[in-house]
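Hi,

Here is the structure I promised to pass on. Have a look at it first, and then read on for what turned up when I went through it.

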Amino acid sequence: MAASDERLYAELPARGVLEVAGEDRVAFLQGLVTNDVTKATSERAIFAALLTAQGRYLFDFFIVAVGDALYVETEAARLGDLQRRLALYKLRSKVALADASPRFVVAVGFGAKAGTALGLASEGAAKPFAGGVAYADPRLAELGLRFVVPRSSGFAALEQAGFARADEAAYDRHRLALGVADGSRDLPVEKALLLEAGFDELHGIDWQKGCYMGQELTARTKYRALIKKRLLPVMIDGPLPAPGTPILLDGAEAGEIHSGRGDRALALLRLDAVEAAEKGASLLAGTTRVKPERPGWAKF
């Protein structure tokens, strides 16, 4: 968690913005993504994912309405791939897809007072800001605010609103402490299951909406209680292992390290290994001891 009482902001250069315009924009995305796109308005942002037909992770993103378009905030390095994949499903839909990243930059606001800075205290609450949009992270209120603002003037507007600049690493530590995944850094593409990464608790799935890509497996996983692993925050006692490093329990593989920084990381762990660690067993990633934590927001 961010310990400072300040309102901090950090640029996220690894994030980009895809603009989805056209009169069919809502219906088009509604049939593809995991959340209810009709709930994405100028006053509310949503968190969602695009899956394979087999229910495996492809992309996650935030969606918010700005003017006559939906802005999809996602990983910049994979934005072109997302755009190409969505274009495959356009058919006769009246939809236009465009990379808005040259015009807009993505930033986050965090710190103890960030959530109330713009009157955006509730998860997903959104409002116009500085020629772009500001919204409370729809996954978890403690994560703070997110901003899609013009590159030319956005940072100045944030500082005028009382935010002090911080580096991206400070926000990354904040995210890791809360145990929230950061896109494909933590979710292997075409392999990860959303429920292993807490997408249900983090409001990334709408169970009442109509069909979407990968819905059948996602629903079956939930209602048959098939989740045996979870992505969890871990404390690191020793050198930080590289992502992908296996975690062993009594010499047998129990999970693997994902993103990390300093003495914290996220790890995908078997739930029986988590229970064993809570009873005193040692989990090792190489020579480094790994101690799992259960986030308060997660349900087991």
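To start with a small one: is Arg294 buried, partly exposed or exposed? The answer is partly exposed, at a relative accessibility of 34%. Before I go further, keep in mind that this is a predicted model.

**Salt bridges**

Arg294 has a partner: its side chain forms a salt bridge with Glu278, at 2.6 Å from N to O. The two come from distant parts of the chain, with Arg294 in the segment after strand 17 (288-292) and Glu278 in helix 6 (residues 271-278), 16 residues apart. Glu278 is partly exposed as well, with a relative accessible area of 46%. Elsewhere, Asp172, Arg175, Asp182, Arg185, Asp186 and Arg261 are joined into one network by salt bridges that share partners.

The count of salt bridges comes to 21. Another of them pairs Glu190 with Arg85, whose closest N and O atoms are 3.7 Å apart. Glu190 sits in the loop between helix 4 (168-178) and helix 5 (215-223), while Arg85 belongs to helix 2 (residues 79-88), so this pair ties together parts that are 105 residues apart in sequence. Glu190 is partly exposed at 46% relative accessible area, and Arg85 is partly exposed at 26%.

Then there is Arg146 with Asp137, a salt bridge at 3.7 Å from N to O. Here Arg146 is buried, and Asp137 is buried too.

**The barrel**

Which strands close into the barrel, and in what order? There are 6 of them, running 12-15-14-13-16-17, with antiparallel pairing. From one strand to the next, the twist averages 40°. Helix 4 packs on this sheet, where it touches strand 12, strand 14 and strand 15, and its direction makes about 145° with that of strand 14.

Strand 15 is a good place to look at the pairing. Its antiparallel partnership with strand 12 is made of 7 bridges, and Leu268 of strand 15 is the bridge partner of Leu231. With strand 14 the sense is again antiparallel, over 5 bridges, and here Leu269 of strand 15 is the bridge partner of Gly255. Strand 14 and strand 15 form a hairpin with 2 residues between the strands, and in that hairpin Gly262 takes a positive phi near 65°. Strand 15 is also mostly covered, since 5 of its 7 residues are buried.

Helix 6, the one that carries Glu278, lies across strand 12, strand 13 (246-249), strand 14, strand 15, strand 16 (283-285) and strand 17. Its direction runs at about 115° to strand 15.

**Helix 4**

Back to the helix that packs on the sheet. The buried residues in helix 4 are Ala169, Tyr171, Asp172, His174, Arg175, Leu176 and Leu178. Two of these names, Asp172 and Arg175, also appear in the salt-bridge network. What covers the buried residues of helix 4 includes strand 7 (104-110), strand 10 (145-150), strand 12 (229-237), strand 14 (252-261) and strand 15 (264-270). Just after the helix comes Gly179, with a positive phi of about 75°.

**Helix 2**

What is buried in helix 2? Leu79, Leu82 and Leu86 are. Seen down the helix axis, the buried residues fall within an arc of 60°, so they line one face of helix 2. On the face turned away from that buried side are Arg84 and Leu88, which are exposed. The buried residues pack against strand 2 (15-21), helix 1 (25-30), strand 3 (46-51), strand 4 (57-66), strand 5 (69-75) and strand 6 (96-99).

One last detail concerns strand 4, which contains Val66. How far apart are the C-alpha atoms of Val66 and Leu86? They are separated by 19 Å, and the two residues are 20 apart along the chain. Leaving out residues up to four places away in sequence, Val66 touches Tyr71 and Val133.

If you open the model, I would begin with strand 15, which pairs with strand 12 and with strand 14, and then turn to helix 4, which touches those three strands.

Cheers

Definitions and conventions
Residues are numbered from 1 along each chain as its sequence is written. This is a predicted model: local features need pLDDT of at least 70, side-chain atom pairs count only at pLDDT 80 or more; totals for chains, interfaces and linings use all residues. Side-chain values use heavy atoms; hydrogens and water are left out. A salt bridge is a side-chain nitrogen of Lys or Arg within 4 Å of a carboxyl oxygen of Asp or Glu. Helices (H or I, at least four residues) and strands (E, at least two) are DSSP runs, numbered from the N terminus. Buried means under 20% relative accessible area, exposed over 50%, partly exposed in between (1.4 Å probe, protein chains only). Contact means heavy atoms within 4.5 Å. The arc is that of the directions from the helix axis to the C-beta atoms. Two strands pair if DSSP finds at least two bridges between them. Axes are lines fitted to C-alpha atoms, for helices over the stretch in contact, and angles run from 0 to 180 degrees between N-to-C directions.
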